[in-house]
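Got the viewer open? Let's take a walk through this one together, one selection at a time.

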Amino acid sequence: MHLLLHLALATVLALTTSVGAATTHLRFYMHDTVTASASSPSTAALIVKGVAKLPNDPVNRFGDVYAIDDPLTEGPELSSALVGRARGFYMFASLTDGTLLLSATMEFTAGKLNGSSVSVLARDAILDEVRELPVVGGTSGLRGATGYGLLRTQSYNPSNNNAVLKIDMYLKV
Ligand SMILES: *[C@@H]1O[C@H](CO)[C@@H](O)[C@H](O)[C@H]1NC(C)=O
């Protein structure tokens, strides 16, 4: 009796998965700290310095590449619960404005997704209100994940280049 019930449930779940996997929504915040402070170490490092200054931008150059190992947290404060890290790089990929190529894995270290990751390869026009992050794959519990993220600037400090980004991810596994 119990065995049959379990089999029936397993069948229903298998069908649900194959017909149309549910979308999982994850929200978290990414802390891109270029300039260290007393409370937070630097997690983004300029590793390649571009040659051509961008118009109307005294700081960034075409070709600048930053390696990142940015913490991902549950809330907008760096002190809120750590849920993972974004590791990879971004490059200033436009000759004319602040448009980045962002290439990173987002590895989760909390809850059910602990040990799972998604890979993101995205165009990030940093002044746009919303940027789309195509998810090109995932590992472990997110193996074969498809979907996208929406990235918004939560806060940005032009004096030290530090930013907090809000990310909403919509995934099908
Ligand atoms: C995540 O998994 C690692 C490796 O299994 C484990 O050491 C760690 O305690 C886990 N973290 C949480 C928050 O469950």
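Here is a short tour of a pocket, a core, a loop residue and some salt bridges.

A word before we start: what you're looking at is a predicted model.

**Stop one: the largest pocket.** Select F92, G98, I126, L127 and Y156, the lining residues closest to the centre of the largest pocket. The lining has 34 residues, around a space of about 750 Å³. Now colour the strands: β1, β6, β7, β8, β10 and β11 each give at least two residues to this lining. β10, at 146–157, supplies the largest share, with 4 residues. What kinds of residue make up the lining? There are 19 nonpolar, 6 polar and 9 charged ones.

**Stop two: the largest nonpolar core.** Nonpolar side chains tend to be buried together in soluble globular proteins. To see the largest such core here, pick F28, M106, L133 and M169, which touch the most other members out of 30 residues. Strands β1, β5, β6, β7, β8, β9 and β11 each put at least two residues into this core. Stay on F28 and show its neighbours: leaving out residues up to four places away in sequence, F28 touches L72, T73, V83, M106, F108, L165, K166, I167 and M169.

**Stop three: a loop residue.** Jump to N60, in the loop between β3 and β4. Is N60 buried or exposed? N60 has a relative accessible area of 7%, so it counts as buried. Among residues more than four places away in sequence, N60 touches K53, L54, Y66, F92 and N161. You have already selected F92, one of the residues closest to the centre of the largest pocket.

**Stop four: salt bridges.** The structure has 7 of them. Start with R27 and D168, whose side chains meet at 2.8 Å, N to O. This pair joins strand β1 to strand β11, with the two positions 141 residues apart in sequence. Turn on the surface and look at each partner: R27 is partly exposed at 45% relative accessibility, whereas D168 is buried at 2%.

Next, select R85 and D69, another bridge, at 2.6 Å from N to O. R85 sits in β6 and D69 in β5, so the bridge ties together parts that are 16 residues apart in sequence. Keep D69 selected and add R87: their closest N and O atoms are 3.0 Å apart. R87 is also in strand β6, 18 residues from D69. To finish, add E107, and you have one network of D69, R85, R87 and E107, joined by salt bridges that share partners.

Notes
Residues are numbered from 1 along each chain as its sequence is written. This is a predicted model: local features need pLDDT of at least 70, side-chain atom pairs count only at pLDDT 80 or more; totals for chains, interfaces and linings use all residues. Side-chain values use heavy atoms; hydrogens and water are left out. On a 1 Å grid over the protein atoms alone, a cavity is a set of points where a 1.4 Å probe fits but cannot get out, and a pocket is an open set with protein on both sides within 12 Å along at least five of seven lines; lining residues have an atom within 4 Å of a point. Grid points are joined across faces, edges and corners, and a volume is the space filled by probe spheres set on the points. Ala, Val, Leu, Ile, Met, Phe, Trp, Tyr, Cys and Pro count as nonpolar, Asp, Glu, Lys and Arg as charged, and the others, Gly among them, as polar. A nonpolar core is a set of buried Ala, Val, Leu, Ile, Met, Phe, Trp, Tyr and Cys residues joined through side-chain atoms within 4.5 Å. Buried means under 20% relative accessible area, exposed over 50%, partly exposed in between (1.4 Å probe, protein chains only). Contact means heavy atoms within 4.5 Å. A salt bridge is a side-chain nitrogen of Lys or Arg within 4 Å of a carboxyl oxygen of Asp or Glu.
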